[in-house]
Amino acid sequence: MFEKVLQEIYKESKLQPKIGEIATYIPELANVNPDKFGISLLTLDGEEINLGDANERFSIQSISKPLTLSLAFTFLGEKIWERVGVEPSGSPFNSLVQLEYEKGIPRNPFINAGALVIADILVTHLKNPKTNFINFLREISDINTLDYDLSVAKSEASTGFRNIALANFLKSFGNITNNVDEVLDFYFHQCSISMSCSELNKVFYFFANEGVTLNGKEILNRSQIKRMNALMQSCGFYDESGEFTYRVGLPGKSGVGGGIVAMLPKKFIVSTWSPRLNSNGNSELGMFALEQLTTKTGMSIF
Ligand code: GLN
């Protein structure tokens with residue numbers, strides 16, 4: 001049922017002016033062709049459509065954040081909100097300003113400060129954090145080749161001065177409990193994972209399927225997955241979360257690699273990849289394509 005509309009959106013998207021810049025502050029990301037474009041949609045009743053570069057892997061970057069959050073939530077449950085808030089920040093993803101006033105409790109788990117706290121929680125609860133986390137993703141998707149891109153992780157570590165500052169600032173408030181370098185190393189690795197649009201849909205399936213993965217594992221219960229999706233809706237696009245909600249009307253998460261994943265709970269998951277970013281660090285063409293999808297089909301949570 002989605003084939004025709006997606007073909008149409010794909011064609012229209014390819015005709016759009018080339019707006020936005022590829023992220024270069026992580027040197028390794030600058031090597032990607034800015035004109036790549038893929039779109040993939042997977043419905044809960046099994047229809048799958050892949051267009052353009054939907055099967056090519058790219059750096060998922062902040063799209064890893066709902067995944068680390070979900071795993072950390074399985075360990076701490078509601079106690080997790082003692083360490084991180086659930087409010088949109090209205091500030092850029094790498095901002096430090098609010099932390100000073102809020103005594104080291106990041107506004108939400110998707111800004112970098114919040115994701116670093118979540119990384120700290122995983123470093124505490126996992127025996128071999130990096131190995132255990134990538135195995136978790138392989139297990140929920142049955143995609144055994146998922147992996148870290150070590151050159152991207154190394155590249156970000158070499159220029160990640162803001163994240164290094166954030167982690168140290170959080171540590172000064174006592175909201176990083178492990179060694180700062182170990183937490184940053186985990187964070188740079190989670191951001192370096194490569195996936196294609198089609199793989200993202202499989203990994204993110206449980207967000208649309210009431211907490212149950214494509215291969216039938218219950219990660220979180222219905223009420224917990226509601227919380228994860230609510231956070232993606234209100235905070236998934238940083239200081240552009242309102243705009244994404246207004247234009248697209250789906251919970252989702254973006255990354256500076258140019259990917260976006262979004263879902264209509266109980267119906268479908270959709271991923272786009274186009275590396276040109278707007279000034280808020282979100283994929284310009286990805287947002288266009290998703291806006292077209294919910295506008296043309298009338299299928300959004302609103
Ligand atoms: N690794 C990136 C960073 O920490 C992720 C940012 C993003 O994708 N918005 O800056």
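Let's start with N163, which touches N112, L116, L184 and Y187 when residues up to four places away in sequence are left out. Keep in mind as you look around that this is a predicted model. N163 has its place in helix α7, which spans residues 161-172. Is N163 buried or exposed? The residue is buried, because 21 other C-beta atoms lie within 10 Å, and the threshold for calling a residue buried is 20 or more.

From here we can turn to the ligand. N163 is one of the residues that surround the ligand, and N112, one of the contacts we just met, is another. The rest of that shell consists of Q61, S62, F93, N94, E156, C191, G255, V256 and G281. Sorted by class, the surroundings of the ligand comprise seven polar residues, three nonpolar ones and one charged one.

It is worth setting this beside the database record. In an unreviewed entry, UniProt gives the feature "binding site" at S62, N112, E156, N163, Y187, Y238 and V256. Of these, S62, N112, E156, N163 and V256 also appear in the shell around the ligand in the model. Y187, also in the UniProt feature, is among the residues that N163 touches.

And where does Y238 sit? You will find Y238 in the loop that links α11 (222-235) and α12 (241-247). Despite its place in a loop, Y238 counts as buried, since 24 other C-beta atoms lie within 10 Å. Beyond residues up to four places away in sequence, Y238 touches S89, P92, F93, I111, N280 and G281. Two of these contacts, F93 and G281, belong to the residues surrounding the ligand.

Our last stop is strand β6, residues 259-264. Six of its six residues are buried, so the strand is largely enclosed by the rest of the structure. Both faces are covered, with G259, V261 and M263 buried on one side and I260, A262 and L264 buried on the other.

Strand β6 has partners in β5 and β7. With β5 (residues 252-254), β6 runs antiparallel through three bridges, and G252 stands opposite A262. The hairpin of β5 and β6 has four residues between the strands, and G258 there adopts a positive phi near 100°. With β7 (residues 268-273), β6 is again antiparallel, joined by six bridges; here I260 has T272 as its bridge partner. The hairpin of β6 and β7 has three residues between the strands, and in the turn K266 shows a positive phi of about 75°.

Key:
Residues are numbered from 1 along each chain as its sequence is written. This is a predicted model: local features need pLDDT of at least 70, side-chain atom pairs count only at pLDDT 80 or more; totals for chains, interfaces and linings use all residues. A residue is near a molecule or strand if its C-beta atom, placed from the backbone, lies within 6 Å of it. Ala, Val, Leu, Ile, Met, Phe, Trp, Tyr, Cys and Pro count as nonpolar, Asp, Glu, Lys and Arg as charged, and the others, Gly among them, as polar. UniProt positions are given in the numbering used here, feature names are shortened, and annotations may be inferred rather than shown by experiment. Helices (H or I, at least four residues) and strands (E, at least two) are DSSP runs, numbered from the N terminus. A residue is buried if 20 or more other C-beta atoms lie within 10 Å of its own, exposed if 12 or fewer, and partly exposed in between; C-beta atoms are placed from the backbone. Two residues are in contact if their C-beta atoms, placed from the backbone, lie within 7 Å. Two strands pair if DSSP finds at least two bridges between them.
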